[in-house]
Amino acid sequence: TSGRLSLNIRLSIAQNESDTTSDRIKFVFEGKKRRREALTGNLPLGYAIDKHKKIVQDENAHIIKDMFNHFIAHQNIMGTLRYLKEAYGIQWRSVSCRRALQNPAYIGTFYGIENYTEGIIDTDTFGRVQVMMKARRNTAPRKENGVFLFSGLIKCPSCGRVLGGSKGHKYPNQTEYKNKMYRCNRHGIEKECPFNRVIMENTLEKYLITNLKAQLESYTSSFK
């Protein structure tokens, strides 16, 4: 009984220390926010830290301005991504480009607080881009839902990225897609991977049905 009491006392003290430390960290962070200071060193492209505060980094800020202006002119994520690569050597993925165009940090909003620091993009430009991106989402044709048996399981042999599923084509005499395939989106969309082949789902399924049992028996026997 005394041992259990001693353990409970120690656990209570440890919990109290943890709660106190958490409160101290929150207090420090709230103070930093009031003074408009940086909480971490993780900053979006175009910003730097000077004397504990976020500032616009002139050597990269023009890249962000170019990115927004290019998207407004062409309204195309992949085109903007290729422009950033050709003009500045930036190796972003399409999702990174999209997130950057939607990042309120570029109008000076950090941690949900407006005017936390100087913005790189004016609010009108940022608002125009958001309207354009929303319009593209609303007008884009919706894809039919499809089930891919090996979704997330097959990786590209060249770049290591998980292969994306594609329904391929539905021929006039077909009532459903029967030639599902997997391919590297980094090659097909971003043009960054040399692997230009596709893996047919029915071919892979047949191979597994034919060979999986033998492979499993061989694996099991090695542990007996």
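The accessible surface of the protein chain amounts to about 15,900 Å², and carbon and sulfur atoms account for 51% of that area. The structure shown above is a predicted model, so a word on confidence is welcome before the details: where pLDDT is low, the predicted coordinates should not be read in detail. Here the mean pLDDT of the protein chain is 85, with 86% of its residues at 70 or more.

Turning to the architecture, the protein chain contains 7 helices and 5 strands. Followed along the sequence, these elements occur in the order α-β-β-α-α-α-α-β-β-α-β-α. Confidence varies among them: helix α2 (residues 58-74) has the highest mean pLDDT, at 95, while the lowest, 77, belongs to helix α6 (residues 185-188).

Burial and contacts complete the overall picture. Of the 224 residues in the protein chain, 29% are buried. Among contacts in the protein chain with a separation of 6 or more, 48% join residues that lie 24 or more positions apart.

A closer look at the surface brings up a nonpolar patch formed by I25, F27, V28 and F29. Together these residues offer about 390 Å² of accessible area. One of them, F27, is found in helix α1, which covers residues 2-34. F27 counts as exposed because its relative accessibility is 63%, and the cut-off for that class is over 50%.

Conventions
Residues numbered from 1 in each chain as written. Predicted model: local features only at pLDDT ≥ 70, side-chain atom pairs only at ≥ 80, totals over all residues. Heavy atoms only, no water. Helix = DSSP H or I, 4+ residues; strand = E, 2+ residues; numbered from the N terminus. Buried < 20%, exposed > 50% of the residue type's maximum accessible area, 1.4 Å probe, protein only. Contact = heavy atoms within 4.5 Å. Areas by Shrake-Rupley, 256 points an atom, 1.4 Å probe, with all protein chains shown as cover. pLDDT = per-residue confidence, 0-100. Patch = residues over 30% accessible without salt bridge, like charges linked within 9 Å, V, L, I, M, F, W, Y side chains within 5 Å. Salt bridge = Lys/Arg side-chain N within 4 Å of Asp/Glu carboxyl O.
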